[in-house]
Amino acid sequence: MPSKVYIFDLDDTLHNASAHIFPVMNRAMTQYIMAELNMDEAAAHALRQHYWQVYGATLKGLIRHHGVNAHHFLKETHALTNLPSMVIQVKRMRHSLRQLKGRKCVFTNAPREYAIRVLQLLGIDDCFELVFSVESTRFHAKPSVRGFQMLLNTLNVNARDCVMLEDSLPALMTAKRLGMRTIWVSRTLNKPNFVNYRINSVLALTDLRL
């Protein structure tokens with residue numbers, strides 16, 4: 001039997017990014033759009049939200065419609081000099097990941113440097129064989145099928161051998177369409193039919209029979 005491959009999203013899946021990180025990052029993205037596209041704050045905020053809803057990532061819309069340099073955008077919006085004080089530690093996370101039998105990787109729409117920093121601050125960077133960042137997808141961010149296919153090719157696995165853990169339903173929908181088992185990390189009680197399991201925290205993963 002092939003080994004199970006557990007694919008983890010990073011922000012709001014392995015740790016709580018909404019509490020301290022996302023508010024700062026969202027402001028930085030809005031300010032970047034204001035400066036680069038000569039927009040006022042309201043228009044820049046609306047454009048950022050629009051591209052996030054349409055493409056699953058603000059960056060994809062900025063590349064496609066405005067020719068924004070992806071690497072410059074990521075560097076400017078993910079600097080986060082106070083990141084150590086912004087990352088909320090998760091007790092027992094390292095132990096839970098170590099208990100999980102199978103291959104493990106991180107698949108994130110965030111840039112690689114930021115992802116590595118967060119994983120190191122959480123003390124779990126050595127629990128994963130691969131960190132597949134937005135650069136790895138050539139900026140075909142989740143929920144794009146192309147990004148998923150690049151990940152599967154890199155891992156050299158079939159989708160049916162993979163388990164995807166995510167807080168984003170559009171990303172889970174793509175994973176399910178490809179044949180993965182899907183786990184929604186959310187405190188919302190109801191789950192859509194393309195989600196196999198819903199858990200409050202990754203720590204509950206070891207309680208599931210997959």
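# Helices, loops and pockets of a predicted model

Visitor: Between which two elements does T108 lie, and is T108 buried or exposed?
Guide: In this predicted model, T108 belongs to the loop that runs between strand 2 (103-107) and helix 7 (112-122). Buried is the word for a relative accessible area under 20%. The relative accessible area of T108 is 2%, so T108 counts as buried.

Visitor: Which residues is T108 in contact with, leaving aside its neighbours within four places in sequence?
Guide: The loop residue T108 is buried, and its contacts can be listed once the neighbours within four places in sequence are left aside. The residues that then remain in contact with T108 are D9, L10, A115, F132, S133, V134 and K142.

Visitor: Where is the cis peptide bond that involves K142, and what is its omega?
Guide: K142, which is also one of the contacts of T108, is joined by a cis peptide bond to P143. P143 itself is placed in the loop between strand 3 (130-132) and helix 8. The bond between K142 and P143 has an omega of about 10 degrees.

Visitor: Why do the buried residues of helix 4 lie on the same side of that helix?
Guide: In helix 4 (residues 70-77), the buried residues are A70, F73, L74 and T77. They are on the same side of helix 4 because the arc they cover around the axis is only 95 degrees.

Visitor: Which exposed residues are on the face of helix 4 turned away from its buried side, and what covers the buried residues?
Guide: On the face turned away from the buried side of helix 4, the exposed residues are H71 and K75. The cover over the buried residues of helix 4 includes helix 1 (21-37) and helix 3 (58-66).

Visitor: Which residue caps the N-terminal end of helix 4?
Guide: The contact in question ends at the backbone nitrogen of H71, which lies 3.1 Å from a side-chain oxygen. The residue that supplies this oxygen, and thereby caps the N-terminal end of helix 4, is N69.

Visitor: What arc do the buried residues of helix 9 cover around the axis?
Guide: Helix 9 has the buried residues A171, L172, T174 and A175. They share the same side of helix 9 because the arc they cover around the axis is only 155 degrees. Among the elements that cover these residues are helix 8 (145-155), strand 4 (162-166) and strand 5 (181-185). The arc asked for is 155 degrees.

Visitor: Which residue just after helix 9 takes a positive phi?
Guide: The position follows just after helix 9, and its phi is about 110 degrees. The residue is G179.

Visitor: Which residues other than glycine have a positive phi near 45 degrees and near 75 degrees, and is each buried or exposed?
Guide: A phi near 45 degrees belongs to L80, in the loop between helix 4 and helix 5, and a phi near 75 degrees belongs to R92, in the loop between helix 5 and helix 6. With a relative accessibility of 9%, L80 counts as buried. With a relative accessibility of 57%, R92 counts as exposed.

Visitor: How far apart in space are V90 and L122, C-alpha to C-alpha?
Guide: V90 is found in the loop between helix 5 (83-86) and helix 6 (93-99), where at 26% relative accessibility V90 counts as partly exposed. Not counting residues up to four places away in sequence, V90 touches L14, H15, L122 and L203. V90 and L122 are 32 residues apart in sequence, while their C-alpha distance in space is 7.3 Å.

Visitor: Which element gives the largest share of the lining of the largest pocket?
Guide: The largest pocket has a volume of about 800 Å³, and of the 33 residues that line it, the closest to its centre are F22, W52, G56, A57 and N109. Two or more lining residues come from each of helix 1, helix 2 (41-55), helix 3, helix 4 and helix 9 (169-178). By class, this lining has 16 nonpolar, 10 polar and seven charged residues. The largest share, six residues, comes from helix 2.

Visitor: How many residues in the lining of the largest cavity are charged?
Guide: The search of the whole structure finds one cavity of 30 Å³ or more, and the largest cavity holds about 40 Å³ of space. Its lining consists of F8, S96, L97, L100, V202, L205 and T206. By class, five residues of this lining are nonpolar and two are polar, and the number that are charged is no residues.

Key:
Residues numbered from 1 in each chain as written. Predicted model: local features only at pLDDT ≥ 70, side-chain atom pairs only at ≥ 80, totals over all residues. Heavy atoms only, no water. Buried < 20%, exposed > 50% of the residue type's maximum accessible area, 1.4 Å probe, protein only. Helix = DSSP H or I, 4+ residues; strand = E, 2+ residues; numbered from the N terminus. Arc of directions from axis to C-beta. Contact = heavy atoms within 4.5 Å. Polar contact = N/O pair within 3.5 Å; in protein donor to acceptor, adjacent residues only side chain to side chain. 1 Å grid on protein atoms, 1.4 Å probe; cavity = no way out; pocket = protein on both sides within 12 Å on 5 of 7 lines; lining within 4 Å. Points joined across faces, edges and corners; volume = space filled by probe spheres on them. Nonpolar A, V, L, I, M, F, W, Y, C, P; charged D, E, K, R; others polar.
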